Amino acid sequence: MVPGLAKELRKDNVAVIGLMPGFVGTERMAVELGEFGFDASKALPVENPGRVCAMLATAKDPMVFTGRDIFGPGFHADHAGVQFEGA
């Protein structure tokens, strides 16, 4: 879906970027998935997807990323030079 929308909206200078946040530890996930053995302490903080969104929204040229699915933790590590907490 992301590539198709990006192609359609490129002419309007609208970047369409898919964000895959990674393993984010929400309170609900900790309760529900904990029953199945998932360890929420290994998850990323809930602030991390927001940080990546902010980085993409304020990028000098967000059109560079249009049509792509971005893996949040890897993107942050590659573009900010710092890994997310918990990654």
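Which residues of helix α3 are buried? In this predicted model, helix α3 spans residues 47-57, and its buried residues are Asn 48, Pro 49, Val 52 and Leu 56. Around the helix axis they cover an arc of only 100 degrees, which means that they lie on the same side of α3. As general background, an α-helix has 3.6 residues a turn, so residues three or four places apart point the same way.

I turn next to what covers these residues. The cover includes β1, residues 18-20, and α4, residues 72-80.

Let us consider the second of these elements, α4, together with α3. The axes of the two helices, α3 and α4, come within 10 Å and cross at roughly 55 degrees. Because of that angle, α3 counts as oblique to α4. The crossing of α3 and α4 is left-handed. On the α3 side, the contact involves Val 52, Met 55 and Leu 56; these meet Gly 72, Phe 75, His 76, His 79 and Ala 80 in α4.

Phe 75, just named among the α4 contacts, brings me to the aromatic rings. How many aromatic pairs are there? The count comes to 1. The ring centres of Phe 65 and Phe 75 are 5.3 Å apart and their planes stand at 80 degrees; with over 60 degrees counting as edge-to-face, the pair is therefore edge-to-face. This pair links distant parts of the chain, 10 residues apart: Phe 65 belongs to the loop between α3 and β2, residues 69-71, whereas Phe 75 belongs to helix α4. Finally, are the two residues, Phe 65 and Phe 75, buried or exposed? Both Phe 65 and Phe 75 are buried.

How values were computed: Residues numbered from 1 in each chain as written. Predicted model: local features only at pLDDT ≥ 70, side-chain atom pairs only at ≥ 80, totals over all residues. Heavy atoms only, no water. Buried < 20%, exposed > 50% of the residue type's maximum accessible area, 1.4 Å probe, protein only. Helix = DSSP H or I, 4+ residues; strand = E, 2+ residues; numbered from the N terminus. Arc of directions from axis to C-beta. Contact = heavy atoms within 4.5 Å. Phe/Tyr/Trp six-rings, centres within 6.5 Å; stacked < 30°, edge-to-face > 60°. Axes fitted to C-alpha atoms, helices over the stretch in contact; angles between N-to-C directions. Parallel < 35°, antiparallel > 145°, perpendicular 65-115°, else oblique. Left-handed = near helix turned anticlockwise from the far one by under 90°.
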